[in-house]
Amino acid sequence: MNNIVLRTIVNLISRLLLYLSIYLLWRGHNAPGGGFIGGIIAAIGFVFYAIIYGPGKTRERIKLPPMYYIGGGLFFSALSTVISVFTGRQPLTGLWIDIPLPVIEDIHLGTPFLFDMGVYLVVFGMITAIIINIMEVLRWN
Amino acid sequence: MILFGFIFFPLLYIIVGFFPFPLKWKKVLALLTVGGNLVNAVNLIYKISHVGMIKVSPGSWPAPFGITLVADRMSAFLLLITAIVAVSIVLFSLQSVDRPRLERGYFQFLFGIIIGVNGSFIAGDLFNLYVWFEVMLMASFILMSHGGEQPQLEGAIKYLILNLISSFFFVAGIGLLYGKMGTLNLADLSNKISQLGDAKVILNPSLVLIVVGFAIKGALFPFFFWLPASYHTPVPVVSALFAGLLTKVGIYSLIRFYTLILYHNSAFWNPWILGVGTVSMVIGVFTASSQFDFRKKLSFHIISQVGYVVIGLGFFTLSGLAGALFFLGHNMFAKTNTYLVAGWVHKRKGTLDLKNLGDVFKESPVWSVLFIISAFSLAGLPPLSGFIGKYSLIKSGIEAHHLFISLVALFVGIFTLFSMLKIWIEVFWKPVKEGVKSFTIAGDERLMVTASGILALMSVLMGIFGVPIIDYCTEAAADLLSPEKYIRFVLNV
Amino acid sequence: MHQLLPYLLTSLLVVGLATPLLEKKLKYRTGVFLSVIPLSFFLYFLWVFTSLGKTESLIIPPIMELVRGGGLSVRLDGLSVLFGLMVSGIGVLVLFYASAYMRKYPRQGYFFMLLTFFMGAMLGMVLTNNLIALFIFWELTSVFSFLLIGFDNHLEKARKAALQGFLITAFGGLCLLFGVLLIGDIAGTYEISELLNKGELITSHTRYPLIFLFLVLAVFTKSAQFPFHFWLPGAMNAPTPVSAYLHSATMVNAGVFLLLRVNPFIGDTLLWDSVLPLFGSITMFTGALLAFGEKDLKRILAFTTISALGIMVLLAGIDTTKSIKAALVFFVVHGLYKGALFMIAGLIDKTTGTRDIDRLGQLWKPLGLVSFAALLSFFSMAGLPPMLGFIGKELIYGAKMQAAYFSNIILVFGILSNMLMVGISFYVFYQVFWPYRRVKKKVAIDGHYARSFLLSFGPVILAAFSLGLGLAPVRIGKYLQNAIYFIRAEEVAVDLGLWHGVNAVLILSIITVGGGILLFIFRKQVAFNVARFNNWLNKFYLPDVFDKVIKNYVKVASRQTDRIQHGYHRYYLITFFVITSLLVVVHLFANSGIAPELQLQPIKSYLLILFIVMAFAAGYAIFSSSRIAAILALGIVGYGIGLVYLFFGAVDLAITQFLVETLVMVIFVLVIYKLPVFAVFSSKASRVRDIFIALLAGGMMGMVVLKSNFFNVETPISDYFINNSLNLAHGKNIVNVILVDFRALDTMGEITVLALAAAGVVALLRLNIKKRENE
């Protein structure tokens, strides 16, 4: 699929979806969104990308092997479960800090967000891993 | 944190598994992880034997609202046995599983199963239990198909589909139950159901769905088909792991569910449980006698042995439950070990067809002894663990005036013995047929012997120290029989 | 001293484990070395036996328990010590004998290990004061018997015999366990010393017949009573020391021992006094008769053993003081002569290479002292004076006359059997040893074995005992009182003697011997006819019948298994769905009266349209013959579900549903071209059937959902989430807060599933192990 227009559009869409997914992840705690949805959306962007550009290019585009994303995601989630243990609470207890910022409203950050980020990465990694590998095995493009 | 560790440690290995560390590190780490899990389990049982129950509420949310992980004596007992079985499985895998499989995440999936099993044993929440079932199912499906050999895939597909039905029924039942009762916490559910009075029969349809889910998992009659269709296909050590742990989780859940929820309506459930247990016992040995494959014979036997546990539950007396629990533990050791020996035989002879095997006794007395200990233990010969288990069950059956079922349980033993002797004679005693050659196993097999030795030793120890262990099981059974204690502990009232 | 006994017994286990190591050092001398153990037991028992008061018993509390109430407590009374003496005494001789006999065998260490274990189990069984422990040891003797019969495991006959023997004795063992459990359930204890005075309680209980049945089954299988006798001749495939020890002198007597043990609290009932003598007599006669038709020395001895066991069961069943006395004496008599004869048979086998009595002959001179021992033993077996066997037989006749039921029949059978015994004793002795025969037999003789001290030591000593005790019977008579006291709860003076004057018993003895001599004279005809009878009987040759039963069982099992585990995946699915659906539906209707009435709300029109579209899509997916169309149709169903979520305000759920649906379709489209061509495998009829099953399952789910009419007992936990999401968990999006905070553990599990799934898919795609090349 060497249509230059299509390529440009897909490139753009995948980028947009990535940003959108990060936004969704960020606001997920207070409005529809979250790690799961974010992860899928980001991945769908790359699925489109892979369909047009092929799995090899997609691998380059996502920089790290998809497995690392999964591992990293699990690691963040696991980390967020034990942070509270080190402070003497039950595992998975949410810990929150307020980061006061000028101009915009304060950032209210907690371990659940870290957890959500982990979910995001796992979902993203999982979908890209599956898609890329299927494509490679099927010799797509 | 002890309880959370049962999930956390294996999870750590899974995380590490996603990164390309050298295989050697991964092997060491796998050993360390199961070792840590074992230490954790020993620690837990030590604590539990003093305080009785331990709980943790991840997220610090109070009991019926957040998820609670609870361990009572039964959980601790099974966790410990799982941990020991896991150690020996990992040891055995190190030397028996081929390199490509090890490199392709074998241990990750293995720890996936361990998370699932551990999680199920401590889940105090119905949906959480479902989640651990899913973890277990996913990991076991992958392990079953891992390697992609033709029979493997065939078995794996059957396994997956029939188990998915179990998940489907289970989750549907949970949904319906939640819709009616508004809670998922087992203790809370039990508590609320006890206040329902006669109206509780309207819960039956959803409970039936959940129980069917458990019955499929536990390979009970008439839902056992997936087990013999699939257990003989994967790498032998994987069958050993499955045989030791998977069905037991289903049965554990059934016991937990029965003693917390179903017992409210035991006049209805009890005959069913007893009937299903009895038929499973008989069907299992009956079908096993017809098999001429080492592993298939053992697979069919699982059904029968699961039946024993279920009748123990069905007696629903102190000694009956204690016997069931003991039997469950004994079976995890003995069954796993017979499969491990099968794994070794397979490696050595390249086949598991009884007709083509033979001479193992001459070639390796050590493995023969390891097998015969576990096999005789399964057949219930004294002074091994199987005898204590069967003895307790039959005794409690007589005390509960279920003479007929006790007799069935007794004489199923002779058929079990028959199958085990058949294996012993065909595989170990018989001179091998002309033209079938055996292999020398590349590298040393000391880890494999150690792995199997641990389990055989456990069968012996559980027999010799039968009294203290049965006493422990009796305490556990006492907890099960008075769910108020569990409810009060979990709900803090 | 006595307190050490349980420890000594357990230490036998350690010794047994160490035997293979010992064997490496000592080679064939292992047996001689090991014999120190039974010898010390023997001396100890001798001391106890002679020092025990007339009504005294010693009970040593258990050192450990395997199960509650089932401890290895030891009981020393006349009965246990008498059996202990025989077990340990013959044990010494057998170990001596085995050292020489097994010299050329491989795996001697293993052999002696089993023998030591067996000795420990046997001693434990006779010594214990606890029925559970008795069962455990009982079962253990079966196990070791199995391993020993199958010692020559390269021979199919040995394997088969081992399997048969074990299955039958293990079956009996299980019966014993059940009987013991029933006794324990009634009496509340397993300790024999406590049970002794609970006879009334047990025998009058409604479950007594059941107890009796199970115990008798145990006895009959272990002690090879008709119709379970057939495993014993097969057991002769074991090496001869084993036959001598296990299958004549000790283990097979366990059943008799059990009868004597439980007699005080189970015996003395109508059942006991009729069933046992009946089967005992049948066994006694059958054994003696069939022995005449055999040619193999060991098999002849095996059948006479069966006969002897029959006598003992019969005596235990007659259940008078006299009969018990006779049983005890006969136990000793039989152990002595049968042990000796088996050892001699083995020696002959080694010396000449055959055990066929037709091919043997004129061994009197070559075997020297052993021949004399054989003569004495055969005399004892025939019940001729001055051997102990004579005293035994006299007692037996006396006892039989006392039998409560059909004493005449028993007596006639007894005389016939004894005639046969006399006949066969003469016959075998004549065939094998008699030096003056017209036709010279050519028998190759290996002088090394013939003169082996270790081989001849055992039989000679045993024969000497047979003779010595016969001449001075008072020696043992005095000490039998204690045993009888604990069996019959009576104090009696036991005086044994060779000569009691001319009385009915003596006359019977004379008749018997006369008959036996007649049988001997007509031995050819008798043997021929019995052999013919045997041939006819072979149609019902029990080992083969047993084999056939097993084979048929396996055949039936495999046929049924094919029916149950047929391998058709669709039928498994059908079973699952149909059974579950029916169960659920039954419950729905069974309880419809109790559940509150359904209150359906009018359905919104846009939802109705949506559902119709979804139903059409689903139907299309089923009937479409194009895969891609089916997948797209299913996608519509999926999106429809997403819309339903949206209508009910579950935005997150809806988004997720849409996204997942899209992804799944993409993946499907990716792989669809790689799939094989679409084909129809099912017949029309099966599809119609499947429609009904699908409707049933779907209808069931629908009904359950409809009928569940969500009534809430109390406030559901979701209220808590709604109330606390913002102030406690700092989030406005409740769904997300549930996912990452309230129930984060579930999410944790689910992402683990996802991670594993990804790794699994990759592994499945990448790891393709063809059938391994190295095989």
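**A walk through chains A, B and C**

Start by selecting chain C, which is split into domain 1 (268-521) and domain 2 (719-775); these bounds come from an automatic or database domain assignment. This is a predicted model, in which local features need pLDDT of at least 70, side-chain atom pairs count only at pLDDT 80 or more, and totals for chains, interfaces and linings use all residues. Residues are numbered from 1 along each chain as its sequence is written, while chains are lettered from A and ligands numbered from 1 in the order in which they are written.

Colour the two domains of chain C: their centres, taken over C-alpha atoms, sit 79 Å apart. Now show all of chain C as a cartoon, and you'll have 34 helices and two strands (DSSP runs, H or I of at least four residues for helices and E of at least two for strands, numbered from the N terminus). Its radius of gyration is 38 Å, well over the 28 Å that the globule rule gives for 775 residues, so chain C is more spread out than a compact globule. That radius is taken over C-alpha atoms, and the rule is 2.2 Å times the number of residues to the power 0.38. Along the principal axes, the C-alpha atoms of chain C fill a box of roughly 115 × 60 × 55 Å.

Next, zoom in on H19 (residues 388-400) and H20 (residues 407-432) of chain C. Their axes are 9 Å apart and the helices pack at about 160 degrees (axes are lines fitted to C-alpha atoms, for helices over the stretch in contact, and angles run from 0 to 180 degrees between N-to-C directions). That makes H19(C) and H20(C) roughly antiparallel, the word for angles over 145 degrees. Select Lys393(C), Ile396(C), Tyr397(C) and Lys400(C) on H19(C), then Ser407(C), Ile410(C), Leu411(C), Gly414(C) and Asn418(C) on H20(C), to light up the contact (C-beta atoms, placed from the backbone, within 7 Å).

Hop over to chain B and pick H13 (residues 294-315) and H18 (residues 403-429), whose axes come within 11 Å and cross at roughly 160 degrees. H13(B) and H18(B) are therefore roughly antiparallel as well.

Last stop: the interfaces. Between chains B and C, the contact takes 92 residues from chain B and 78 from chain C. Between chains A and B, 15 residues of chain A touch 14 residues of chain B.

Conventions: Contact = placed C-beta atoms within 7 Å. Parallel < 35°, antiparallel > 145°, perpendicular 65-115°, else oblique.
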